[in-house]
Amino acid sequence: ELRRAALDLLEGRTAGTALTDTPSRMRYADDLLHVAALGASPQHWAEGVVRLVREAADDPSTCVPLVVLGREAELRRSVSPADRAALEARLAGLVPDPASWVRALADSDAGFYYVRAATRAMTSPDVTWRNLGGRSNVVTVEDHLGFASSTLVFKPTHTDNVARDTRTAQAVRTTLARVSADTRFRTSDLITTLDADELSNRSGLASNVNVITVRRFEHGTVLAELLSPETEDASADLLKQAAAFLAYIHAAPRPSDAMPTKVRAKVRGRVRMWLRDVFPKGADKLVDQAFDSWWALLANAPTLPRRDAHAFNWLVTEDGRIIAIDLEATGHEPVGCELAQLTDDVPALSPGSWDLRREVFESYVEALRECTGEPYDDAKVEQIWAVYRASLVVRAVRCLTDRTGDPALRRHGEALLDEISAHPEWGSVHEVAVTLRDAWAERRGAPG
């Protein structure tokens, strides 16, 4: 009834004068679609669609009506052949090839509208840009009416990254379907890519950026925001799910061009960057010695494709599904390394909660078994566990030298190093942790 009252107001039946400004026209068209859904009225639905198409045709700079049409296509409404023909006739003269516009609605092809909306959104005066946070330069667009908000996600990148992401996503989807996990886990869908060189303004874009990817906004919460040592049982449950998904991603078949190359050199480049902040400035020899000692703990482990598994690269939806975002990572790492990144990239578990970490680890290994068909006997499992534990040492260093200066992250890194340093029975990993702990304390002026 409220929607019908709004229609009366917008049409002027209540106040005497119809509201004809652009925001009112958009609200009217949107209300027509909602009323049509409530009452299964093809007449209201067709009128709403015609008005939205007219708005898009009359103002080639606006993306908002196209976003609304895309959302309408996602609803998968049933459109009879007679209604399709009638709607095509009404759109004739408004847009070229009106049949394709109607077909997109009838076939639930939201991408037809989102591709057009995304192209306009790059320069549209109707929208503002909002950074989505995390560690990637990802933004969404919002309009003051709220129609376009949280619908499209844009990321500046390079075509090589897009191709790699697309290949990996397809391999992961195939794997998820094979193990019947595609109802629990999925990847984000690419709508289109836009040529960055055709933008009117490239300010803020890195020189190696040549495309903008456009994806459908995923309604959920970044995993990092749901993790806390204060609720570590709940954190462990989420991490167990994400760990299983990580295993499926690791086990997904890759093309022949994704073979391991220069694994040590690539890992060394990242880890040395963190180690340099632990030792005195200019102490490159000590940095190299620390890396060599740490790498010796991992050198004989098998490698897996790198996913970049930090907790900002996963979304948890309201219905509990987990979505993997950003599959552009390159290279390989020893098995267990990325599991450590997942569990301790942000504070999620107390440093001494080895029982919970083991549960997460077992979830990961079990998913590897399921996906690869390999037995992973006790010796292999303990080898991976040792690599995981060793990897926690450099994750601790990554936390305590974090450039954002997050105090909670630094405290977590220090506590994790202290925890591993308190276990001499662990042998070499304990010795590496003690070396790094003492170097960090000395650099901070608090040896002891």
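This report walks through the overall build of a predicted protein model and then looks at one of its helices, α10.

## Overall build

Let's start with the whole chain. The protein has 448 residues, and 51% of them count as buried. Its secondary structure adds up to 16 helices and 11 strands. If you lay the C-alpha trace along its principal axes, you get a span of about 85 × 45 × 40 Å.

How do the contacts split by sequence separation? Taking those between residues at least 6 apart in sequence, 68% link residues at least 24 apart.

## Surface and charge

On the outside, the accessible surface of the protein is about 20,500 Å², with carbon and sulfur atoms making up 50% of that.

As for charge, the protein carries 54 positive and 65 negative charges, and the mean positions of the two sets sit 4 Å apart.

## A look at helix α10

Helix α10 covers residues 263-275, so at 1.5 Å a residue its 13 residues should span 18 Å; the end C-alpha atoms are indeed 18 Å apart, in agreement with that. Still, α10 has a kink of about 25 degrees, and the kink is centred on G269.

Which residues of α10 are buried? They are V263, V267, V271, R272, W274 and L275. Note that R272 is on that buried list along with W274. The cover over the buried residues of α10 comes from both helices and strands: it includes α11 (284-295), α14 (378-400) and α16 (428-443), plus the strands β8 (303-305) and β11 (332-334).

How values were computed
Residues numbered from 1 in each chain as written. Predicted model: local features only at pLDDT ≥ 70, side-chain atom pairs only at ≥ 80, totals over all residues. Heavy atoms only, no water. Helix = DSSP H or I, 4+ residues; strand = E, 2+ residues; numbered from the N terminus. Buried < 20%, exposed > 50% of the residue type's maximum accessible area, 1.4 Å probe, protein only. Contact = heavy atoms within 4.5 Å. Areas by Shrake-Rupley, 256 points an atom, 1.4 Å probe, with all protein chains shown as cover. Lys, Arg positive; Asp, Glu negative; His and termini not counted. Charge placed at Lys NZ, Arg CZ, Asp CG, Glu CD. Expected span 1.5 Å × (residues − 1). Bend = angle between axes of the 7 residues up to and from the residue.
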